[in-house]
Amino acid sequence: MTFNPTKHSHCRYNPLKDEWVLVSPQRLQRPWAGLYSACLHSVLSFLCVGRVEDDANDNDEIANDESQKNNPLCPGVTRPSSKEPNPFYEHTFVFENDFPALLAEIPDPSNDEKTAKDDLFQCHAARGVCKVICFHPNSRLTLPRMTLDDIAHVVRTWLDVYNDLASKYQWVQIFENRGDIMGCSNPHPHCQVWATDFLPNEARIKHKTQKDYFLKHNGNVLLLDYIQRELNDFQKERVVIEHEHWLVVVPYWAVWPYETMLLPKRHVLRLSDLTPDEQVGLGKIMKELLIKYDNLFKTSFPYSMGWHGAPTGSMINDDCSHWQLHASYYPPLLRSAKIKKFMVGYEMLAQAQRDITAELAAQTLRDLSGEVHYKEKKNTK
C-alpha cells in the first residue's frame, strides 16, 4: 500500500503555532445526523420577526429594514449606554465599545512576596481599550456586497485606528465575527478592535515561532519562505487568489474546513507599513475572497477573521524583522450552509482535526466566481 494524503489520515505541522493538525480525508463520506444550524436559527428568527428564512446565515437580510431605525449601530440611533445619538455617518463610524472587555485605568493586583513567587497562581493587570468600527450605514450590506470605495473606507479606518492605538499598546487586535453562528450579536456590518498592554496568547506564540525560524534560517522570514514554496514548489495547489501585491492561500496546516490566510507578497511588518497601492489592492482581494465564500454555499458565509502583525507600543522599536503581516479567516461551515464543524471531543482534549484536505478546499474556492455575488445573479433573473 502506498500512502495517499487524499485517502489516508495524517498529521500536518503548523510552524506558526508549533502544533499539529490531524487530517482525516477518509471521513468525508461520514453520514450526518447531528445538529443543523438552521434549527436554532429558525427558532430565533421566528421569535424575533415572526417568520423563518431559508438561509440559515443570512442575518444581514433578516428584518434589517425594520430594525434599521432601532439598531444601536445605525446612524442617528441612540445606543443604550450613550446620551447622544450616533452621527449620520456615510461610510465608517468608530466608537468605544459600550461593554468593553478591557479597561484602560485599573490598579495593579497585590504583589506581595508570596504571590510574586507563586508558580501556580499568577496574575497581572490587563489594561486596554475596546473599539467598534461600523463598516457602512446600511445594515443590509456585508463586505462582499459593498463597493470597492466602501471597502477602501474600511481599510483606511483600520489603519487610522491601528496607528492611534499602536502608539500606546503592545498589541492591537482587529477582528470581525460575521454571522450569528459565530456569536455576532448584531447583524450590522462591523468589526472590533481590542488593544492591550500585553501580548495575548496567539501573538506571544507567533512572536516566538517566527523569531525561532528567523534565527535558525539565517534571517529568513517564515511566512515569506512559505509563500515562495507555495508559489514555486507546489504548483500553487493551495493558492486561492493571487494579485500583484496580495495572496490568499488555504494554509497547508489549516484547521477549519475553508480556512484561508491573506498576506502581502513583500515583507511587511504591520498594517501601518502598507503602501497606498497595497491598501487599494487589499480592498480588491478581500472583496473577491468574500464573494467566493458567499458563493460556496449560496449563503452569507460566517467566519471569524483578524489581523496579526509585529507588536507595537513598548515593543515598537524592538527588532521584529521576523514578523510578516497576515490575516486569518476561520469559517465554520463544512458541508452546506446548515452544517458546521464543531471543535469538540478529540479536538478539545487532544489536537485539532479536519476532514477535507487543504488542497481540496483551495481548489473548491479557486473554482468559484469572485466577481459576481450569487445574490446579484438572482437579482438579474
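In the predicted model, the buried residues of helix H6 pack against H5, strand S7 (239–242), strand S8 (246–249), S9 and S11. Helix H6 spans residues 222–232, and its buried set consists of Leu222, Leu223, Leu224, Tyr226, Ile227, Glu230 and Leu231. Of the packing partners of H6, which include H5, S9 and S11, these three elements also give two or more residues each to the lining of the largest pocket.

For the chain overall, 10 helices and 14 strands are assigned. The chain comprises 381 residues, and 50% of them are buried. Among contacts between residues at least 6 apart in sequence, 70% join residues at least 24 apart.

The largest pocket encloses about 690 Å³ of space. Its lining is made up of 32 residues, and those lying nearest the centre of the pocket are Lys17, Glu202, His308, Ser328 and Tyr330. Two or more lining residues come from each of strand S5 (171–178), strand S6 (190–196), helix H5 (201–216), strand S9 (260–264), strand S10 (303–308) and strand S11 (326–330). Strand S5 gives the largest share of this lining, with 5 residues. By class, the lining of the largest pocket holds 15 nonpolar, 11 polar and 6 charged residues.

Enclosed space was examined as well. Cavities of 30 Å³ or more number 2 in the structure. The second largest cavity has a volume of about 70 Å³. Its lining consists of Tyr162, Trp171, Val172, Arg270, Leu271, Trp307, His308, Gly309, Ala310, Thr312 and Leu325. Strands S5 and S10 are the elements that give two or more residues to the lining of this cavity. The lining residues of the second largest cavity divide into 7 nonpolar, 3 polar and 1 charged. His308 appears in this lining and is also among the residues nearest the centre of the largest pocket.

Thr312, which lines the second largest cavity, is located in the loop between S10 and S11. With a relative accessible area of 1%, Thr312 falls under the 20% limit and is therefore classed as buried. Beyond its neighbours within four places in sequence, Thr312 contacts Tyr162, Ala166, Tyr169, Gln170, Trp171, Val172 and Arg270. Among these contacts of Thr312 are Tyr162, Trp171, Val172 and Arg270, which are also part of the lining of the second largest cavity. The C-alpha atom of Thr312 is 9.6 Å from that of Leu199, and the two residues are 113 residues apart along the chain.

The active-site annotation was considered next. UniProt, in an unreviewed entry, places the feature "active site" at His190. His190 belongs to strand S6, an element that gives two or more residues to the lining of the largest pocket. The relative accessible area of His190 is 10%, so the residue counts as buried. With neighbours within four places in sequence left aside, His190 is in contact with Leu73, Val132, Ile133, Cys134, Phe135, Glu176 and Cys184.

Cys134, one of the contacts of His190, is buried at a relative accessible area of 0%. The closest cysteine sulfur to that of Cys134 is in Cys74, at 7.8 Å; a disulfide requires sulfur atoms within 2.5 Å, so this separation is too far for a bond. The count of disulfides comes to 0. Cys123, in contrast to the buried Cys134, has a relative accessibility of 57% and is therefore exposed, the limit being over 50%.

A further buried position is Arg354, which lies in strand S14 (residues 352–354). The relative accessible area of Arg354 is 2%, and the residue is therefore classed as buried. Arg354 and Val23 are separated by 331 residues in sequence, while their C-alpha atoms are 5.0 Å apart in space. Val23 is also one of the residues that Arg354 touches. Not counting residues up to four places away in sequence, the full set of contacts of Arg354 is Val21, Leu22, Val23, Ser24, Ala254, Val255, Trp256, Pro257, Lys341 and Ala361.

Methods
Residues are numbered from 1 along each chain as its sequence is written. This is a predicted model: local features need pLDDT of at least 70, side-chain atom pairs count only at pLDDT 80 or more; totals for chains, interfaces and linings use all residues. Side-chain values use heavy atoms; hydrogens and water are left out. On a 1 Å grid over the protein atoms alone, a cavity is a set of points where a 1.4 Å probe fits but cannot get out, and a pocket is an open set with protein on both sides within 12 Å along at least five of seven lines; lining residues have an atom within 4 Å of a point. Grid points are joined across faces, edges and corners, and a volume is the space filled by probe spheres set on the points. Helices (H or I, at least four residues) and strands (E, at least two) are DSSP runs, numbered from the N terminus. Ala, Val, Leu, Ile, Met, Phe, Trp, Tyr, Cys and Pro count as nonpolar, Asp, Glu, Lys and Arg as charged, and the others, Gly among them, as polar. Buried means under 20% relative accessible area, exposed over 50%, partly exposed in between (1.4 Å probe, protein chains only). Contact means heavy atoms within 4.5 Å. UniProt positions are given in the numbering used here, feature names are shortened, and annotations may be inferred rather than shown by experiment.
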